[in-house]
Amino acid sequence: MDAAAPEAFKRDSYKAYLMCFGSSGMFEQDDVENWVSITDMAGGSMARRLKLNSRMGLTSSGRPVKPPMTRFAGPGTAYQGFGEFNQRHWLAQWSDHLEAEPAR
């Protein structure tokens, strides 16, 4: 941190650091090495030849690999096992709201 930086900037910068790194944050300081490696691999020969399969939890026909839980007491639909059901549901809802007429 630049010692000549305004106090408000120092305070905000410190708060952002705590929110992002360390035991109270989303990332760890050594994650940057992983991100660099992922970026390097994304430009490799296999990445150019292969398509990304983002259908985790779905068959090739678009149906869930496992059916939804029938004895789920909460609201919504629940699945057991690995999958991207919640992400797909959220993105579908977001898309529906974007395509809907604005509320008046």
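Trp94 comes out partly exposed, at a relative accessible area of 46%. Keep in mind that this is a predicted model. Trp94 also belongs to one of the aromatic pairs, of which the structure holds two, so here's a quick tour of both, followed by a look at helix α2.

**The Tyr79–Phe85 pair**
- The ring centres of Tyr79 and Phe85 sit 3.9 Å apart, with the planes at 15°, so this pair is stacked.
- Planes count as stacked when they are under 30 degrees apart.
- Tyr79 is partly exposed, its relative accessible area being 28%.
- Phe85 counts as buried, with 17% relative accessibility, because the cut-off for buried is under 20%.

**The Trp90–Trp94 pair**
- For Trp90 and Trp94, the planes are again at 15° and the ring centres are 5.9 Å apart, so you can call this pair stacked too.
- Both residues lie in helix α4 (residues 85-99), four residues apart, which puts about one helical turn between them.
- An α-helix has 3.6 residues a turn, so residues three or four places apart point the same way.
- Trp90 is exposed, at 51% relative accessible area, because exposed means over 50%.
- Trp94, at 46%, is partly exposed.

**Helix α2**
- Helix α2 covers residues 31-42, which makes 12 residues.
- From first C-alpha to last, α2 reaches 17 Å, close to the 16 Å expected at 1.5 Å a residue.
- There's hardly any cover over α2: among its 12 residues, the count of buried ones is one.

Notes
Residues are numbered from 1 along each chain as its sequence is written. This is a predicted model: local features need pLDDT of at least 70, side-chain atom pairs count only at pLDDT 80 or more; totals for chains, interfaces and linings use all residues. Side-chain values use heavy atoms; hydrogens and water are left out. Rings of Phe, Tyr and Trp (its six-membered ring) pair if their centres lie within 6.5 Å; planes under 30 degrees apart count as stacked, over 60 as edge-to-face and the rest as tilted. Buried means under 20% relative accessible area, exposed over 50%, partly exposed in between (1.4 Å probe, protein chains only). Helices (H or I, at least four residues) and strands (E, at least two) are DSSP runs, numbered from the N terminus. The expected span of a helix is 1.5 Å times one less than its number of residues.
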